[in-house]
Structure formats: structure tokens, C-alpha cells
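Let's take a friendly walk through a protein model, one piece at a time. Have the structure open beside you and look up each residue as it comes.

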Amino acid sequence: MSDSDTSSGGGGGSERVPGRERRRFPGISSRAYEHPADRSALVALRKLTGFDTVFKALSGLLPERSLRLLYLSDSVRVSDRQFAHLGDMLRDACYILDLDKVPAMYVTQDPRPNAMCIGMDEPIIVMTTGLVELLDEEEMRAVVGHEVGHALSGHSVYRTILLFLTNLALKVAWIPLGNVAVMAVVTALREWFRKSELSADRAGLLVGQDLRASMRGLMKLAGGHHLHEMNVDAFLEQAEEYEAGGDLRDSVLKILNMLPRSHPFTTVRAAELKRWAAGRDYQRIMDGHYPRRDEDKNTSVSDSFRESANHYAESVRASKDPLMAFVRDVAGGAGDLGSKLREKFTGGGGAASSDRSREKSQEKPQDPSQPPQGGPEPDLPLAP
């Protein structure tokens, strides 16, 4: 039975399914859409002995209950009676990604367009009014799918810790070296979270199944309501110019600009998502070939790290960034230097040694009355 064949009527316990026919992914594992760097970090954390126990203990220190009470008391909870269209999208997204329990969702008054998925025990999704007012239905569907992707991947746990540590860093800023230690962890978490955003963008595309809507949403995050003044191709050209333009100084400035951010830049996100949508992995998922949740326990940490390393190596090879080009040049030079040092300290065995012997045998005999070629010049003329 297709998704559209099932009734999507109102209450009474009836099953809520997408309003138009979309592919559903029963039992899909978050590994299907996770960015390689994001996935390798998560697999390693999940494999650690006692990891869940440690985080359950930490949950008593984290202000999760306070956050839940805050949103319950000062925001609008999405339901059949409040922001019902968002509730329908949320149920649709959970149905498509086969998430058993639908997270609670709140809309909070904030003109800045934003959304997040937080919570240690049970994730909650928060949307700002600025985001709700900015996006149309299909664009919002991709955003809701993005947040459900965070929930399925377990990102809400680490996002909550990131929020807690960020606030802690502000409180201990006056303590000598205290802020340095906390900010080191925050910086590492932010780097992971930026990669997790790329994963969630992919989940949003799997839910919305409309690449144009995902692109429009990202453009609106960058340029506001004026969609008629924007162009997808021109927007993606900005990402190309951002990556390839400038010199090493610009590459360093890009890094410095990125460090305090929790999200990648919007043009970069759009370019990454378009590349993934055009690739083999996305098409395989849409054809029904994807990792299943019941296989997660057999996931190899080493394989995930190897895939992540291969991804980064390929990124460096394909990158047009001046710093990455410099890294490639240095790596190539280091390889030549290594081979020369190896020949020097091993006596130049193998084919290289044979070639040099052959060249020596072909040299003309040297006149014994002349000083050795290549040797030091005598201090005084030779006596007659």
C-alpha cells in the first residue's frame, strides 16, 4: 500500500501519513544519511563501554527539566489545536523516517529564524516564529525533517551538552585558565555539530523529497523573504567563489569566521546538499537500499573511521581552497623528500641503484691527470 492510500484523517487514534505521496523508509538507520565525519564520531561514542551510563549521570547536572518547563510555560506547544499544520508535518516526518515516538514541538517568539532539537532523555523540537513566518509549507517540511533527523541520530543529547558547556564557559570566563579548558571542549563539539547539520540537511531532503524546496529554504535563511530577487544557480556560484577565491590569508580568515558558529555557512550547506542529492547514495536510499537500524549493533568503528578518513582525503584532493592546495603541494613535496631520504639512508637499493650503476658504466674514463670531477678544487696549481 502506498503512503497516499492510507487515511490521514483527524484524531481518534488514526494514523497520520504525508499529505502527498512520498517514499517511506521503514527501519532506516541514521547511518544512511549521516555525514562521514558525523557518523564516525557517533559510532565511536556509542561503542564506548558505559557511555550511556555516564550520560545518564550527567543528565542530573544538565538543565533539561528547566528547559522543558521553560518552553512549556513561555512558548506554544504544537498540537491539533495549536500550529496544527506543523503538527501534521512533524507526524509525517516521523512516519517517513520511521521514528516510533513523535517528539514534542514548541514555537517560541523570536524574530531570528532558527530551530533546534535538544533533550537528554526525550528530544524536543523548538521553532522560532521568525522561521515559521519565513518559510512556505514545502520549505518548512524540509526543516521539520531536518530536526527529526537530529532526533533519529541522537544529536539532541550532544546538542544539549553543547548548550550547557557554552553557558558554563560564560560563567567561568573570569577564572584563570578555566574558560580555556571549557572552550576547548566547546570548540570540538561545535566542529562535530557543524558536520551533524550537514547530516540533518540530508534527512530533511529525505522527508521533503523536494530538492528545490530545500534550496529555497537555505536561500531564505541567507537572504530573507525576497525569494523573487534570488536565484539558486547564482547562490550556488557564491559557494564556489567562497571555496576557490582568495589566497592563504582568506583561507585562515574562513577558519576564524567559522570557529564560533554552530552551523556551516548557508551557501556551503546548499552546495553540499546538492552534491549529495546528485550522488549514488541518495538514489540508493530512494530505491529502498539503505542501512537498517537492526544492523547498527554490527557497525564497525574502524570502518567508520576509515570512511571518514577517505572522505577527508577526497575533500582535500577535490577542494579548490588555497589552503587545501597548499596542503596538497606540501604533501607532494614531503613525499619526494621522503623518497630521497630513504635512498640516502638505505644505500639506494632496488631499481634506482641499478639505474645509477648503469649510468656510471656509460661514463667516459676519466683522465688521471685531472682532478676528480665533482671533487674539491686544489688550493694551489699542480706542479709541472
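N231 caps the N-terminal end of helix α10 in this predicted model. A side-chain oxygen of N231 lies 2.9 Å from the backbone nitrogen of D233.

The helix that begins here, α10, covers residues 232-244. How far apart should the ends of its 13 residues be? At 1.5 Å a residue the expected span is 18 Å, and the end C-alpha atoms are 19 Å apart, which agrees.

Now look at which side of α10 faces inward. F235, L236 and A239 are buried. Seen down the helix axis, the buried residues of α10 fall within an arc of 95 degrees, so they line one face. The face turned away from that buried side carries E237 and E241, which are exposed. What do the buried residues of α10 pack against? Their partners are α9 (211-223) and α12 (266-277).

One of those partners, α12, has twelve residues and reaches 16 Å from its first C-alpha to its last, close to the 16 Å expected. Its buried residues include T266, R269, L273 and W276.

**Aromatic pairs**

The model has four aromatic pairs. Two of them are set out here.

| Pair | Centre to centre | Angle between planes | Arrangement |
|---|---|---|---|
| F25 and Y290 | 5.9 Å | 85 degrees | edge-to-face |
| Y242 and F265 | 5.7 Å | 70 degrees | edge-to-face |

Why does the pair of F25 and Y290 count as edge-to-face? Planes over 60 degrees apart earn that name, and the planes of these two rings stand at 85 degrees. F25 lies in the segment before α1 (36-47), while Y290 sits in the loop between α13 (280-286) and α14 (301-318), so the pair ties together parts that are 265 residues apart in sequence. Are these two residues buried or exposed? F25 is buried, with a relative accessible area of 1%, and Y290 is buried as well, at 10%.

The pair of Y242 and F265 brings us back to α10. Y242 belongs to that helix and F265 to the loop between α11 (248-258) and α12, so this pair ties together parts that are 23 residues apart in sequence. Y242 has 31% relative accessibility and counts as partly exposed.

**The nonpolar cores**

In soluble globular proteins, nonpolar side chains tend to be buried together. Here the largest nonpolar core has 48 residues, and those with the most contacts inside it are M127, M140 and L206. Leaving aside neighbours within four places in sequence, M140 is in contact with L86, M89, M127, L131, V132 and L135. A second, separate core has eight residues, among them M120, Y158, L189 and W192.

**Two residues with positive phi**

Most residues other than glycine have a negative phi. D98 is not a glycine, yet its phi is positive, near 60 degrees. D98 is found in the loop between α4 (84-96) and β2 (104-108), and at 18% relative accessibility it counts as buried. Q209 also has a positive phi, of about 55 degrees. The loop between α8 (178-208) and α9 holds Q209, which counts as buried at 19% relative accessibility.

**The whole chain**

Stepping back, the protein chain has 16 helices and four strands. Of its 384 residues, 40% count as buried. Among contacts between residues at least 6 apart in sequence, 71% join residues at least 24 apart.

Notes: Residues numbered from 1 in each chain as written. Predicted model: local features only at pLDDT ≥ 70, side-chain atom pairs only at ≥ 80, totals over all residues. Heavy atoms only, no water. Core = buried A, V, L, I, M, F, W, Y, C linked by side-chain atoms within 4.5 Å. Buried < 20%, exposed > 50% of the residue type's maximum accessible area, 1.4 Å probe, protein only. Contact = heavy atoms within 4.5 Å. Expected span 1.5 Å × (residues − 1). Arc of directions from axis to C-beta. Polar contact = N/O pair within 3.5 Å; in protein donor to acceptor, adjacent residues only side chain to side chain. Phe/Tyr/Trp six-rings, centres within 6.5 Å; stacked < 30°, edge-to-face > 60°.
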